[in-house]
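Student: Could you take me through one part of this model in close detail? I would like to look at its charged side chains and then at what lies around them.

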Amino acid sequence: MNVGNRIRNLREMQQLSVTQLAKEAYISQPYLSDIERGRHLPSLDKLKTICDALNITLGEFFGDQMDLTPDLLRLVENARKLSEYEREKLNDFIEALAERDLGDN
């Protein structure tokens, strides 16, 4: 897992600038930039602070969503806010779109 890319994807998903996240995480903007670029690997304590600023747990940070792009992460986050019934209808809609696209090929 590329920790820096994961942080960048989560930050972009939440539409935060590097400066905003750095301020929320009580770290310097250059240090956060270096983490995102892979120049530094944060300590577990610093990573926990960054996760807190992103309103996620360390478990969520290292969870199955690690390779999702920002647009897919945003979709997942929005789907979490829906009721079970609404998620079921959303899945039906997405499946219908996917089937339509397959038929167009």
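**Charges, pairs and patches**

Tutor: Happy to! Let's start with a negative surface patch, which is formed by Glu84, Glu88, Asp92, Glu95 and Glu99. Keep in mind that this is a predicted model. One member of the patch, Glu95, lies in helix α7, which covers residues 84-104. Glu95 counts as partly exposed because its relative accessibility is 47%, and a patch residue needs over 30% relative accessible area and no salt bridge.

Now for the charges that do find partners. Side chains of opposite charge can pair when their charged atoms come close. The count for this model comes to five salt bridges, and I'll take you through some of them.

A good place to begin is the pair Glu36 and Arg8, whose side chains meet in a salt bridge with an N to O distance of 3.7 Å. This pair links distant parts of the chain, since Glu36 sits in helix α3 and Arg8 in helix α1, 28 residues apart. Their surroundings can be read from the accessibilities: Glu36 counts as buried because its value is 5%, whereas Arg8 is partly exposed at 23%. Arg8 and Glu36 also belong to a network of salt bridges that takes in Arg11.

Arg11 deserves a look of its own. Arg11 is found in helix α1, residues 3-13, and with a relative accessibility of 8% it counts as buried. Besides its place in the salt-bridge network, the side chain of Arg11 has a polar atom 2.9 Å from the backbone oxygen of Leu16. In the loop between α1 and α2 (18-24) you will also find Gln15. Gln15 is a residue other than glycine with a positive phi, near 55 degrees, and it is exposed, with a relative accessible area of 67%.

Next, a pair within one helix. The side chains of Lys48 and Asp52 meet in a salt bridge at 2.7 Å, N to O. Because these residues are four apart in helix α4, about one helical turn separates Lys48 from Asp52. Lys48 is partly exposed at 38% relative accessibility, and Asp52 is partly exposed as well, with a relative accessible area of 41%.

Past this helix comes Asn55, in the loop between α4 (44-53) and α5 (58-61). Asn55 is not a glycine, yet its phi is positive, at about 60 degrees. At 67% relative accessibility, Asn55 counts as exposed.

One more salt bridge joins Arg80 to Glu60, with the closest N and O atoms 3.8 Å apart. Here again distant parts of the chain are linked: Arg80 is in helix α6 and Glu60 in helix α5, 20 residues apart. Arg80 is partly exposed, with a relative accessible area of 42%, and Glu60 is partly exposed at 32%.

Helix α6 brings us to a patch of another kind. Leu72, Leu75, Phe93 and Ile94 make a nonpolar surface patch of about 360 Å². Helices α6 (70-80) and α7 each supply at least two residues of this nonpolar patch. Leu72, in helix α6, is partly exposed with a relative accessible area of 39%.

So what should you keep in view about helix α7? It holds Glu95, a member of the negative patch, and it also contributes to the nonpolar patch.

Terms used:
Residues are numbered from 1 along each chain as its sequence is written. This is a predicted model: local features need pLDDT of at least 70, side-chain atom pairs count only at pLDDT 80 or more; totals for chains, interfaces and linings use all residues. Side-chain values use heavy atoms; hydrogens and water are left out. Patches are made of residues with over 30% relative accessible area and no salt bridge: like charges are joined within 9 Å, nonpolar side chains (Val, Leu, Ile, Met, Phe, Trp, Tyr) within 5 Å. Accessible areas come from the Shrake-Rupley method with a 1.4 Å probe; for residues, only the protein chains shown count as cover. A salt bridge is a side-chain nitrogen of Lys or Arg within 4 Å of a carboxyl oxygen of Asp or Glu. Lys and Arg count as positive and Asp and Glu as negative; His and the chain ends are not counted. The place of a charge is taken as NZ of Lys, CZ of Arg, CG of Asp or CD of Glu. Buried means under 20% relative accessible area, exposed over 50%, partly exposed in between (1.4 Å probe, protein chains only). A polar contact is a pair of N or O atoms within 3.5 Å; within protein, one must be able to donate a hydrogen and the other to accept it, and residues adjacent in sequence count only if both atoms are side-chain atoms.
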